[in-house]
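Hi there,

Here is the structure I promised to pass on. Have a look at it first, and then read my notes below.

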Amino acid sequence: MSHALFVKVQLIQPTIGEYDNNSRSGCYPPLGLISIATFIRQECPSVEVEILDGELLSQQEIIARVDADIVGLNTNTVTYPQVLQVAVHAKALGARVVLGGVYASALPEVILHKRASLIDTVVVGYKE
């Protein structure tokens, strides 16, 4: 008898900190995270995938909802401080933390060297 391993993945578009609540907040869905979630659901139907969007949720709401085995965070220069806050919480709960996005792609070695206790994996760029 085989036992399926239950895995939950949360993909997080963090809040943008002090630039929060601008006129475009909530207008654009996180298409990159939606693409990743769609791929995971197609390839691994037993994996639960949830997207938490910082355009719609506060930083406190995101942190309160983190409860996955794997937490994927999209980051850029502006959102990096918020990403680290979420990563601290996720690691305290035992999650594996994966970082992606333009900031992670630009500085993967620096991030892994300075934040090795928080970040398990950095995803860099894409392949066609």
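Which residues of H3 are buried? They are Tyr80, Gln82, Val83, Leu84, Val86, Ala87 and Ala90. Please keep in mind as you read that this is a predicted model.

A little more about that helix. H3 covers residues 80–92, and at 1.5 Å a residue its 13 residues should span 18 Å; the C-alpha atoms at its ends are 18 Å apart, so the expected and the modelled span agree. In an α-helix there are 3.6 residues a turn, so residues three or four places apart point the same way. The buried residues of H3 pack against two kinds of neighbour: the strands E1 (8–13), E3 (70–74) and E4 (96–100), and the helices H2 (59–65), H4 (102–106) and H5 (108–114). Just after H3 comes glycine 94, which has a positive phi of about 90°.

Next, the nonpolar cores. The largest one has 23 residues, and the members that touch the most others are Ile12, Val71, Leu73, Leu99, Ile111 and Ile119. At least two residues of this core come from each of E3, H3, E4 and H4. H3 gives the most, with six residues. To see one member in its setting, try isoleucine 119: setting aside neighbours within four places in sequence, isoleucine 119 is in contact with Ala87, Val97, Leu99, Ile111 and Leu112. Another core, of eight residues, lies apart from the largest one, and Val7, Val9, Leu11 and Val49 are among its members.

How many aromatic pairs does a search of the whole structure find? The search finds one. The partners are tyrosine 80 and tyrosine 103, whose ring centres are 4.6 Å apart; their planes are at 40°, so the pair is tilted. Because tyrosine 80 lies in helix H3 and tyrosine 103 in helix H4, the pair ties together parts that are 23 residues apart in sequence. Both of these tyrosines are buried.

Tyrosine 80 deserves a closer look of its own. Why does tyrosine 80 count as buried? Its relative accessibility is 12%, and buried means under 20%, so tyrosine 80 qualifies. Leaving aside neighbours within four places in sequence, tyrosine 80 is in contact with Thr75, Leu99, Tyr103, Ile111 and Arg115. Isoleucine 16 is 64 residues away from tyrosine 80 along the chain, yet the C-alpha atoms of the two are separated by 8.8 Å.

Happy browsing, and best wishes!

Definitions and conventions:
Residues are numbered from 1 along each chain as its sequence is written. This is a predicted model: local features need pLDDT of at least 70, side-chain atom pairs count only at pLDDT 80 or more; totals for chains, interfaces and linings use all residues. Side-chain values use heavy atoms; hydrogens and water are left out. Helices (H or I, at least four residues) and strands (E, at least two) are DSSP runs, numbered from the N terminus. The expected span of a helix is 1.5 Å times one less than its number of residues. Buried means under 20% relative accessible area, exposed over 50%, partly exposed in between (1.4 Å probe, protein chains only). Contact means heavy atoms within 4.5 Å. A nonpolar core is a set of buried Ala, Val, Leu, Ile, Met, Phe, Trp, Tyr and Cys residues joined through side-chain atoms within 4.5 Å. Rings of Phe, Tyr and Trp (its six-membered ring) pair if their centres lie within 6.5 Å; planes under 30 degrees apart count as stacked, over 60 as edge-to-face and the rest as tilted.
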